[in-house]
Amino acid sequence: MIYLDANATEPLRPSAREALLAALAVTGNPSSVHAAGRQARRMVEAARESLAARFGARPADLVFTSGGTEADALALYGLGAGRRVILGATEHDALRAAAPDATVLPVDRHGRADLDRLAALLAQGPALVCLMHANNETGVLHPIAEAAAICRRHGALLHVDAVQTAGRIGTSLAALGADSLAISSHKLGGPAGAGALLLTEAAAAALAPLIRGGGQERGRRGGTPPVAIIAGFAAAAEAPLEADRLAALRDRAEQAAIAAGAVPVAVEAARLPNTTALSLPGVAAQTQVIALDLAGICVSAGAACSSGKVTSSHVLEAMGLGPRAGETIRVSLAWNTAAADIAAFAAAYATLAGRLRRAA
Ligand code: PLP
């Protein structure tokens, strides 16, 4: 099986597995005052320090959550009171579903936020702006630093969903100039079940908790933290970035697909190094995904399928792709993707594209 769906979840990194297993051997609730509790607490605090340093916040301003979805929700509810919420049109459902009444900020045909429109919206009063650093379907990067400068000028807060950039390219709360940043363990090669919201000192002080519980995480997120998962999360985040290697392999996959008739999405925009979205004219995305799956290759559709019903991707539609939105698959390379995997993908894609297009 060749796994090219890393944007859904990355394979577990060996360093993360090792840290996870070592921490599973430790008994203790980090809130307990005895030696076992203190040992568990030391593991959580070491992970907090390492993740905070890597992603540009103070350890005291990092809140562990159950994953990216909860980190996004915490930012939205915790910082949004009294503010109008503005969401990029291509945001993940983690934010869209949690803020159905939000004002939608359009994107251009490359999938990048319309910054003139942002400035116009911010002139209308206090706001919380939520933008993703990279899009999960296309890999397109928003101009976050520019958006942050506009938000600052208008006194708006900026939450950045960095779930897809963390572990792939440099991403940092401080460097981006955002007020909060969401990251997720399983998207960077750690175990599923943990994420984090990193905040500036001011945003952390203003944050309202979503879950109060027993006052863990300095009262910002109740619930006993999953010590072993958090240890694995931090270990995975320490892995060196491999953007150049992945971009070279991704480009090879993309060129092979183009030669077989594919049209790639948003190649002119700055993108994640591991991601390409490929349209095959006339062939439904689900058909392509199933055909590739039968050939032993795991990719995903740009269009989401729920209860047997294929709905077109809101991301590709917001970019104005029209019917292409239903004919586009996502190929996302993992930290362990090798040249041989790309060669196998290229061969399978060429065969399938020819067959499917003749049948269409
Ligand atoms: N944000 C983005 C951009 C994502 O791609 C995802 C997952 O697909 C999430 C948030 C949600 O993260 P999690 O799966 O950790 O809840």
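**A small sheet and a ligand site**

Two bridges join strand β9 to strand β10, which spans residues 275-279, and the two strands run antiparallel to each other. This pairing belongs to a predicted model, and every statement that follows should be read with that in mind. Within the pair, the residue Val263 stands opposite Ser279, which is part of β10.

The wider setting of these strands is an open sheet of four strands, arranged in the order β9-β10-β15-β12 and paired in antiparallel fashion. At the edges of this sheet lie β9, covering residues 263-264, and β12, covering residues 300-301, each of which pairs on one side only. In general, the strands of a sheet pair through backbone hydrogen bonds, and they may do so in either a parallel or an antiparallel manner.

From the sheet we can turn to the ligand, which sits in the second largest pocket of the protein. Which residues are closest to the ligand? It is surrounded by 13 residues, and the closest of them are Gly68, Thr69, Asp161, Ser184 and Lys187. The largest share of this shell, amounting to three residues, is contributed by helix α3, which runs over residues 68-79. By character, the residues of the shell divide into eight polar, three charged and two nonpolar ones.

Several side chains place polar atoms beside oxygen atoms of the ligand. For Ser184, which is also listed among the closest residues, a polar side-chain atom lies 2.6 Å from a ligand oxygen atom. Two histidines can be described in a similar way: a polar side-chain atom of His92 lies 3.1 Å from an oxygen atom of the ligand, while for His186 the corresponding distance to a ligand oxygen atom is 2.9 Å. Taken on its own, the ligand has 390 Å² of accessible area, and the protein covers 86% of it.

Terms used:
Residues numbered from 1 in each chain as written. Predicted model: local features only at pLDDT ≥ 70, side-chain atom pairs only at ≥ 80, totals over all residues. Heavy atoms only, no water. Near = heavy atom within 4 Å. Polar contact = N/O pair within 3.5 Å; in protein donor to acceptor, adjacent residues only side chain to side chain. Areas by Shrake-Rupley, 256 points an atom, 1.4 Å probe, with all protein chains shown as cover. 1 Å grid on protein atoms, 1.4 Å probe; cavity = no way out; pocket = protein on both sides within 12 Å on 5 of 7 lines; lining within 4 Å. Sits in = over half its atoms within 2 Å of the grid points. Nonpolar A, V, L, I, M, F, W, Y, C, P; charged D, E, K, R; others polar. Pairing = 2+ DSSP bridges.
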